[in-house]
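Colleague: Please pick one part of this model and take me through it slowly. I'm at the bench all day, so plain language would help.

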Amino acid sequence: MELSTHPLSNATLSPCSYFASAGNSFFPLRRSASAIPRTGCRFQNRETADAGGGRRVALERRRRFWIDERENGGEEGGGESSSYASDDDVYLSLSEKPDRSTALLDDYEMEELDYASNPDHRSGYVAVLGKPNVGKSTLANQMIGQKLSIVTDKPQTTRHRVLGICSGPEYQMILYDTPGVIEKKMHKLDSMMMSNVRSAAVNADCVLVLVDACKVPEKIDEVLEEGIRDLKNKVPTLLVMNKKDLIKPGEIAKKLQWYEKFTDVDDVIPVSAKYGHGVEDVKDWILSKLPLGPAYYPKDIVSEHPERFFVAEIVREKIFMQYRNEVPYACQVNVVSYKTRPNAKDFIQVEIVVEKNSQKIIVIGKEGRALKLLATASRLDIEDFLQKKVYLEVEVKVKENWRQDEGLLKYYGYGGQIRAL
Ligand SMILES: Nc1nc2c(ncn2[C@@H]2O[C@H](COP(=O)(O)OP(=O)(O)OP(=O)(O)O)[C@@H](O)[C@H]2O)c(=O)[nH]1
């Protein structure tokens, strides 16, 4: 496919208009063309990681001091030491309580964070839970104003918890978009995904549980049980009834009443994440529940994931769009090499891992045509995401039963750590 004939070929597209063009036109283009998402890709070597570790300690102390100041009327208390001392130079830890990644900060940004002395500033973590396909990723993307999680019409497309950061002058909400809660866990992959759901929720300051307005109302105990049973104290929980655009207003009222009566949540709000209706109400609700405190990240950072994570996710989205049935679920996408070259296009090498040779044959297609189509569509979207030209190489490999292999799953990033380089 030629660049000029592709719908995404317009060089003036911004990173978020790329996503709008990619079949998600509901997306409000809130970012300027220069606002390339900043992600955690600066963990490039031990030197920078160590330097960042030092900065993180500094910010943690500062934040602690800020909180102690408020709690103790000005006396610095506790003298808590930070455990952020060391970073791995290759893996980015998606630890249970994520680090406040001041490793991402330069001096200017440290200065910038000084607005945190605003006593009314709120910040905290929000877990977005729900069954597959209810619209969790759509809502999270809509709130952040940028597409971070891939969205398809197929259930269980989100495999990792995706950290998205939604900031305003007076607040910072850190959203965990989680994989849908799966009742029947068929593979080791499913149970590892569920443990990611739990580790997202366990740190949350508040929880959103999404349900699909089109479905007959049902108890959400299972979602809560899977997602937040480990929590010691009950956190504020909002039931978000999504896809209200698909049902009649009279029905919305009836279903809301049912959820208010038969679920143990604090509030219920109907929304249409796809069209942005009610999303501000959800934000207001979250704001009313977040604790007072300074920001965790600079305000223009939208994720802590490295760029290579999103590159792999873009390829995975294209696989979901191009292939049918079981094939997309059997695919794992890894960025095996990512080289920036001063005098040439960036070089990105991607491997698609499938479980059987028959799947490899489908992915490659007759005379390699299917794979070529996939690679071109992926490259164009990656270029729009990164705002630069890349050379993309894609190969397909078979690893039998990778979804059952705990060691491989950890290597692929399902065990709480993803490769940062
Ligand atoms: N009509 C309508 N469709 C929606 C809405 N929100 C999401 N969708 C669609 O529902 C499908 C699933 O959305 P996702 O955001 O991927 O759902 P998810 O809950 O993250 O899915 P998993 O990855 O399975 O956990 C997509 O086709 C969306 O476009 C909405 O408010 N209205």
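**A sheet with a helix across it**

Modeller: Let's start with helix 9 (residues 307–322), which lies across strand 8 and strand 9 and runs at about 135° to strand 8. That angle is taken between N-to-C directions on a scale from 0 to 180 degrees, using axes fitted as lines to C-alpha atoms, for helices over the stretch in contact. Contact here is between two residues whose C-beta atoms, placed from the backbone, lie within 7 Å. Helices and strands are DSSP runs numbered from the N terminus, with at least four residues of H or I for a helix and at least two of E for a strand.

Two ground rules before we go on. This is a predicted model, in which local features need pLDDT of at least 70 and side-chain atom pairs count only at pLDDT 80 or more, while totals for chains, interfaces and linings use all residues. Residue numbers start from 1 along each chain as its sequence is written.

Now the sheet under that helix. Three strands make it up, in the order 8-9-10, and it is open with mixed pairing. The edges are strand 8 (332–339) and strand 10 (390–398), each pairing on one side only. From one strand to the next, the twist averages 20°. Two strands count as paired if DSSP finds at least two bridges between them. In general, strands of a sheet pair through backbone hydrogen bonds, either parallel or antiparallel.

Take the antiparallel pair to begin with: seven bridges link strand 8 to strand 9 (residues 346–354). The two form a hairpin, with six residues between them. If you want landmarks, Lys 339 stands opposite Phe 347 in strand 9, and Asn 334 has Glu 351 of strand 9 as its bridge partner.

On to the parallel pair, where strand 9 and strand 10 are joined by nine bridges. Phe 347 turns up again here, with Tyr 391 in strand 10 as its bridge partner.

Just ahead of strand 10 in the numbering you'll find helix 11 (residues 369–386). Its 18 residues reach 25 Å from first C-alpha to last, close to the 26 Å expected at 1.5 Å a residue; the expected span is 1.5 Å times one less than the number of residues. Its buried residues include Leu 374, Ala 377, Leu 380, Ile 382, Phe 385 and Leu 386. Some charged ones are on that list too, among them Arg 379, Asp 381 and Glu 383. Buried is a count: 20 or more other C-beta atoms within 10 Å of a residue's own, against 12 or fewer for exposed, with partly exposed in between and C-beta atoms placed from the backbone. Right after helix 11 comes Gln 387, with a positive phi near 60°.

What ties some of these pieces together is packing. Of the 43 residues in the largest nonpolar core, Val 126, Val 128, Leu 175, Leu 208, Val 209 and Val 240 touch the most other members. Strand 5 gives that core its largest share, six residues. A second, separate core has 28 residues, including Phe 309, Val 353, Val 354 and Ala 377. A nonpolar core means buried Ala, Val, Leu, Ile, Met, Phe, Trp, Tyr and Cys residues joined through C-beta atoms within 7 Å.

For scale, the protein chain has twelve helices and eleven strands, and 42% of its 421 residues are buried.
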